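Let us take a walk through this model together, starting with the overall picture and ending at the surface.

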Amino acid sequence: MGSETLWPLGLYFLIALVVAGSMIGLSFVLGERHSDRATGQPYESGIVSTGSARVRLSVKFYIVAMLFVIFDLEAVFIFAYAVAYEEVGWPGYAGLVVFVVILVVALIYEYRMGALDWEPVRLRMAKAGREKG
């Protein structure tokens with residue numbers, strides 16, 4: 001790969017830098033400068049924002065989101081097998097079964113660890129106490 005094949009790439013990067021730099025420079029020169037009260041506040045499609053953006057959510061929301069991604073990927077894997085089942089044959093099916101079994105075992109583990117329980121721990125412990133006594 002000599003320099004005769006790399007000059008278009010260098011020219012492209014140079015043009016990109018000039019365009020980006022000129023856009024930033026022009027916006028700095030031509031842009032309005034005002035400091036109204038609402039200038040520094042976020043704009044959300046015409047809706048006046050209320051409260052803080054730093055809302056603390058329960059970890060359970062994130063756990064459910066991760067589980068959704070995992071099982072969404074499982075669906076993609078199963079769809080890929082369904083599309084290519086003639087090419088991959090029985091070895092592909094065996095790989096699919098192993099993959100699904102691992103995910104089912106992981107789901108059972110998550111269930112037993114309480115990751116899917118949305119009930120607060122206090123209520124769960126109170127129910128367990130009432131069932132015992």
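The paragraphs below go from confidence to fold, and then to the surface.

Please keep in mind that this is a predicted model. The protein chain has a mean pLDDT of 82, and 87% of its residues reach 70 or more. Confidence is not even along the chain: helix H1, residues 3-30, has the highest mean, at 92, while helix H4, residues 121-132, has the lowest, at 68. You may want to read the H4 region with that value of 68 in mind.

Now for the fold. The protein chain contains four helices and zero strands, so that, in keeping with how helices and strands are assigned, its elements read α-α-α-α from the N terminus on. Contacts between residues 24 or more positions apart make up 52% of those with a separation of 6 or more.

How much of the chain is buried? Of the 133 residues in the protein chain, 5% are buried. The exposed area of the protein chain comes to about 12,000 Å², and carbon and sulfur atoms supply 70% of that area.

One part of the surface deserves a look of its own. Trp-7, Leu-11, Leu-14, Ile-15, Val-18, Val-19 and Met-23 make a nonpolar surface patch of about 720 Å². Take Met-23, one of the residues of this patch, as an example. Met-23 sits in helix H1, the helix with the highest mean confidence. Is Met-23 buried or exposed? Met-23 counts as exposed because its relative accessibility is 56%, and the cut-off for exposed is over 50%.

Note on methods:
Residues are numbered from 1 along each chain as its sequence is written. This is a predicted model: local features need pLDDT of at least 70, side-chain atom pairs count only at pLDDT 80 or more; totals for chains, interfaces and linings use all residues. Side-chain values use heavy atoms; hydrogens and water are left out. pLDDT is the predictor's confidence in each residue, from 0 to 100. Helices (H or I, at least four residues) and strands (E, at least two) are DSSP runs, numbered from the N terminus. Buried means under 20% relative accessible area, exposed over 50%, partly exposed in between (1.4 Å probe, protein chains only). Contact means heavy atoms within 4.5 Å. Accessible areas come from the Shrake-Rupley method with a 1.4 Å probe; for residues, only the protein chains shown count as cover. Patches are made of residues with over 30% relative accessible area and no salt bridge: like charges are joined within 9 Å, nonpolar side chains (Val, Leu, Ile, Met, Phe, Trp, Tyr) within 5 Å. A salt bridge is a side-chain nitrogen of Lys or Arg within 4 Å of a carboxyl oxygen of Asp or Glu.
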